[in-house]
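Please open the model in your viewer and keep the selection tool at hand. We will go from stop to stop, with a selection to make at each one.

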Amino acid sequence: MYQIVRRHQFSDSTFLWDVYAPDVARAAQPGHFVMLRLREGGERIPLTVADYDRDWGTVTIVIQAIGKTTREMMAAYQEGDTFLDFVGPLGMPSHVKNVGHVVLVGGGLGVAPVFPQLRAFKEAGNRVTGIIGFRTKELVFWEDRFAKYCDDLIVCTDDGTYGRPGFVTAALEDVLSKEKVDEVVAIGPLPMMKACTEVTRPRGVPTAVSLNAIMVDGTGMCGSCRVSVDGEIKFACVEGPDFDAHKIDFNELMLRQQRFKSQETRANEDFAHTCNMEKQLFEEEKRNYKKLKDVQPHAVHMAERNADERAHNFLEVNLGYTMADALTEAERCIQCLRPTCVQGCPVAIDIPRFIRHLLVRDLGGAAAAIRENNHFPSVCGRVCPQESQCEALCILTKTKKMDSVAIGRLERFVGDHAPVTAPPPRPANAPIGRVAIVGSGPAGLACAGDLARDGADVTVFEALHIIGGVLRYGIPSFRLPRNIIDREVKQLEDMGVRFETNKVIGKTFTIPQLLSEQGFDAVFVGTGAGAPAFLGIPGEFAGQVYSANEFLTRVNLMGGDNFPYEDTPVTLGQKIVVIGAGNTAMDCLRVSKRLGAELVRCVYRRTKAEAPARIEELRHAEEEGITFHWLRSPSEIVTDDKGGVKALVCQKMELGPPDASGRRRPVVIPGETETFECDTVIYALGTRANPVIARSTPGLSVRGEGYINVDETTQAANIPGVFAGGDIVTGGATVILALGAGRRAAKAIHSYLTNRVWPPVIREDSKIPAVAVPEESVCKKCRRPIEAGEDYVCCAGERLTFQCTSCHKVSEGFAFPYGLCPYCGGAFETRAEIAAPEGALAEAVRKAYEIEIGGVLFYANGAKDMEKSGADPEVVALFARLSAMEREHMEILARRYHLEAPDLTGQGPSPAQLAVFSGVEPSANADGVALLRLAVHLEKRAGRFFLETGRKFSEASPEWRLYRELEAEEREHAELLEGAAMRLKAGRPLVI
């Protein structure tokens with residue numbers, strides 16, 4: 001990296017850098033140039049050396065911001081900043097000797113590079129005349145430097161605002177007509193150098209020009225800088241840049257200089273677009289910076305490896321976004337004022353902020369924003385179920401016609417492509433304490449990273465011989481390449497985290513030993529829940545019956561796919577059956593296919609709608625040739641007389657009638673079975689807690705066979721100094737949920753080490769959203785009961801309705817695994833399906849319809865009136881949007897309560913009439929602020945009506961819940977309109 005040690009702005013487009021490059025400064029001569037590259041992906045541009053200081057080790061370059069790169073240099077790089085490449089000195093030095101009288105002509109930016117030649121000619125004993133030209137007086141620079149070495153100095157300005165009016169060619173003509181000149185050197189734009197050449201040619205005065213031709217490498221390799229000199233091809237980078245001007249084919253050269261003009265225009269437009277966004281998003285801090293109608297409805301597709309190819313190798317399937325893909329997708333984020341996506345992230349990443357940095361090409365800033373809350377963006381961007389977390393809460397999905405922003409793909413792109421930066425400096429004082437992390441899976445690594453950043457002395461103990469836990473042994477490389485894990489772990493090592501492998505806590509050391517004789521102040525247990533589950537059916541003893549853990553560990557961790565070149569075998573036949581339909585099952589199915597199995601089947605006792613696997617994983621498996629058999633429940637593994645697997649017998653199932661919970665459960669079809677020939681069966685039915693920790697830690701509060709009981713907010717166990725998180729607490733879950741638990745624990749451990757208070761207390765503003773620990777017989781999405789011991793999504797395919805217990809807003813169609821309302825942060829509870837309403841509830845729905853109809857017509861009429869009067873188009877658009885929102889809410893009520901909404905025909909009262917009816921002073925015209933205030937008044941009045949009417953019913957009754965929901969809707973609309981009125985009155989852009 002090279003540092004800008006001094007920066008000076010000459011004008012609005014011309015500036016100077018002094019670059020610290022002692023090797024270049026030591027070798028630089030007049031006439032030399034350098035090649036500069038700002039960053040990865042940047043172009044190499046040639047810049048002539050304007051000066052050099054061998055003592056200080058600096059090289060001076062003067063730049064005019066005319067192209068994309070030079071404009072970026074001016075806008076984005078300040079004194080003290082660094083850039084990537086500075087190569088040189090390149091080219092041939094100028095031929096300087098004592099010839100008598102030399103005239104040196106510099107035009108515009110060419111004034112800078114002509115200076116070292118002028119100084120050298122003077123120091124060689126020549127009489128020196130300097131002619132420097134600029135467009136206007138404001139652009140003049142270095143006049144004093146030239147005057148120091150010139151016998152005569154002529155300063156020209158094109159517009160006559162300073163010095164001699166006119167072009168430098170006229171001044172050169174005057175000098176040549178009055179005095180004997182032995183040599184002329186001209187540096188500047190090509191037309192100017194060509195014109196100077198035509199002035200000297202009739203007089204036969206030797207003339208040299210410096211050609212700043214288009215280059216790529218600058219070392220003579222590419223030939224891009226070729227120029228015809230006296231009929232021969234010369235390369236400006238190695239045979240120039242100075243040439244005999246009278247022998248140059250200027251016309252040919254000028255044509256070649258135009259060959260990338262259209263691309264440069266496009267680059268300039270792109271840079272201007274980026275600069276405009278940076279101004280809007282960072283300087284003006286504008287949110288909702290674009291309207292929904294301007295957003296592309298569908299997410300940018302991510303390239304994938306061809307299914308036929310990938311089914312036979314372990315190369316990564318998803319290929320990720322290109323820069324163009326990522327920027328196009330990032331522009332779909334409207335930067336909303338209330339980013340509900342953050343509510344859906346278990347580690348609370350500031351998603352809009354990282355996307356803002358990405359939008360302006362600041363990958364380092366984007367990565368820094370993510371890493372404040374998540375040390376593993378490349379991992380999480382690949383394996384986390386964003387579609388049911390942050391992306392499920394994206395505001396774009398509320399239109400029901402748009403895809404959410406592809407947050408996971410953008411996170412992956414930033415993690416993969418952002419420059420690797422040095423870790424943050426550790427606090428200067430002594431470590432706040434020593435912490436042992438048990439397990440190097442996601443929870444343990446997240447906890448370790450946060451604690452190391454906070455100044456703790458952290459050691460991670462891993463039972464296996466390599467770091468990564470389930471990321472290593474559980475996830476195949478075609479989903480999570482191993483170099484990605486290595487890179488993320490390396491960052492933790494750079495932060496000071498120590499790793500000790502082959503240490504089984506509970507065997508090598510116990511937790512009490514860690515806290516006593518090993519000298520640790522706190523212990524975090526993140527061992528996961530790795531004990532496999534089986535069905536207990538006949539034939540499970542067979543050798544070719546694997547648990548998913550054994551099968552995947554043999555391949556992912558021990559290289560069983562490379563046997564006998566690796567020592568660990570994995571015996572696999574040609575016909576495979578995998579039991580289960582979660583993500584782990586998909587991994588087993590797809591690994592089996594890659595290992596050469598002829599026929600790979602999946603059996604699952606429920607339907608595809610209830611399969612816990614991500615939709616993308618199911619699709620990939622289907623594309624790769626996996627066969628799925630739904631509503632099939634295994635009942636027996638048939639073996640031969642040698643104990644080998646012959647077949648799997650499955651009981652056929654069907655969906656029964658809805659039970660008390662409202663779901664159709666699979667039930668046995670008596671007497672109907674199906675037998676699948678196979679030679680290998682793999683169980684992928686979830687895992688259980690490993691009891692090693694529980695059995696070796698006296699007094700530790702656990703449930704079941706070893707799940708550790710902790711406080712939801714701090715992850716603290718019942719033993720002072722002991723914390724736990726991840727699957728060992730919640731049971732099998734996702735990587736990102738484990739990361740969230742690790743981060744919560746880190747905050748609590750930091751508090752404990754600092755204050756030595758047990759149980760630990762953390763500040764309210766530093767809390768990370770907690771995941772309620774469900775009972776083992778409760779669905780993790782909707783909290784409704786499921787059969788004991790099963791791990792599946794019971795509510796998949798259903799439309800779920802959630803109501804906040806704090807603000808009473810109702811949301812539909814999303815899973816809220818964290819129990820947090822996106823509007824107020826309150827807890828959610830599910831709402832049961834409601835039958836057709838009767839009595840007071842039916843009357844409440846009808847009353848809601850009346851008010852909603854009034855809203856639809858009021859906003860629609862208001863939009864028409866304002867459009868006719870030429871009001872602000874954004875206010876018109878806001879009223880049209882609110883009319884559509886009221887109409888949509890009626891449709892939701894009709895669907896939710898099974899009561900048909902009334903017809904929306906009719907004109908309804910005008911806004912002026914409504915103002916009179918409601919006791920508000922009517923406006924003389926369709927003024928935007930006045931109509932917004934009237935709308936606020938009407939929304940608040942409706943909200944008060946719903947609130948007061950709801951109090952007549954018993955709390956939690958269907959009527960009470962409906963009225964609270966309606967009041968919450970009116971309150972939200974009133975807040976939106978009040979904000980819009982304030983912005984409009986203040987003359988600020990209206991946020992829609």
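What follows is a tour of this predicted model, from the whole chain down to single residues.

**The whole chain**

Start with a cartoon view of everything. The protein has 31 helices and 39 strands. Of its 992 residues, 54% are buried. If you display contacts between residues at least 6 apart in sequence, 68% of them join residues at least 24 apart.

**The largest nonpolar core**

Now select Phe354 and Leu358. Among the 82 residues of the largest nonpolar core, these two touch the most other members. Add residues 735–755 to the selection: this is helix α26, which gives the most to the core, with 10 residues. As a general background to such a view, nonpolar side chains in soluble globular proteins tend to be buried together.

Which residues surround Phe354, once its neighbours within four places in sequence are left aside? The contacts are Ile349, Ala366, Ala369, Ile370, Ile407, Leu410, Glu411 and Val414.

There is also a second core, separate from the one above, with 34 residues. Met35, Val227, Phe243 and Ala245 are among its members.

**Helix α14**

Several of the contacts of Phe354, including Ala366, Ala369 and Ile370, take us to the next selection, residues 363–371. This is helix α14, which is mostly covered, with 7 of its 9 residues buried. Show side chains for the buried ones: Leu363, Gly365, Ala366, Ala367, Ala369, Ile370 and Arg371.

What do these buried residues pack against? Colour these helices to see the answer: α11 (323–330), α13 (351–359), α15 (377–383), α16 (407–417), α17 (442–454) and α19 (482–494).

**Strand β3**

Next, select residues 33–37, strand β3, where 5 of the 5 residues are buried. Both faces are covered: Phe33, Met35 and Arg37 lie on one side, with Val34 and Leu36 on the other. Met35 also belongs to the second core.

Now bring in the partners of β3. Strand β4 (residues 45–48) runs antiparallel to β3 and is joined to it by 4 bridges; look for Leu36 opposite Ile45. Strand β8 (residues 85–90) also pairs with β3 in the antiparallel sense, over 4 bridges. Here the bridge partner of Arg37 is Asp85.

**Strand β13 and its parallel partners**

Move to residues 183–187, strand β13. Since 5 of its 5 residues are buried, β13 is largely enclosed by the rest of the structure. Glu183, Val185 and Ile187 are buried on one side, and Val184 and Ala186 on the other.

Is the pairing of β13 with strand β9 (residues 101–107) parallel or antiparallel? These two strands pair in the parallel sense, over 5 bridges, and Val102 has Glu183 as its bridge partner. Strand β14 (residues 207–210) runs parallel to β13 as well, with 3 bridges between them. Zoom in on Ala186 to find Val209 of β14 opposite. Then trace the chain from β13 through helix α6 (residues 190–200) to β14: this β-α-β crossover is right-handed.

**An open sheet of three strands**

Select β29, β30 and β31, which form an open sheet in that order with antiparallel pairing. β29 (632–639) and β31 (664–677) are at the edges with a single partner strand each, so one side of each has no neighbour in the sheet. From one strand to the next, the twist averages 20°.

For a closer look, take strand β30 (residues 645–658) with β31: they pair over 9 bridges in the antiparallel sense. Glu654 stands opposite Val667 here.

**Two single residues**

Select Arg310, in helix α10 (residues 307–310). Is Arg310 buried or exposed? Arg310 counts as buried because its relative accessible area of 1% falls under the 20% cut-off. Its side chain makes a polar contact with the side chain of Glu624, at 2.6 Å. Widen the selection to its other contacts beyond four places in sequence, including Glu304, Arg305, Arg590, Arg594 and His620.

Last, select Gly519, in the loop between α20 (511–515) and β23 (522–525). Gly519 is partly exposed, with a relative accessible area of 34%. Its C-alpha atom is separated by 9.8 Å from that of Gly433, 86 residues away along the chain. Not counting residues up to four places away in sequence, Gly519 touches Arg434 and Leu514.

Terms used:
Residues numbered from 1 in each chain as written. Predicted model: local features only at pLDDT ≥ 70, side-chain atom pairs only at ≥ 80, totals over all residues. Heavy atoms only, no water. Core = buried A, V, L, I, M, F, W, Y, C linked by side-chain atoms within 4.5 Å. Buried < 20%, exposed > 50% of the residue type's maximum accessible area, 1.4 Å probe, protein only. Contact = heavy atoms within 4.5 Å. Pairing = 2+ DSSP bridges. Axes fitted to C-alpha atoms, helices over the stretch in contact; angles between N-to-C directions. Right-handed = clockwise from strand over helix to strand, strands pointing away. Polar contact = N/O pair within 3.5 Å; in protein donor to acceptor, adjacent residues only side chain to side chain.
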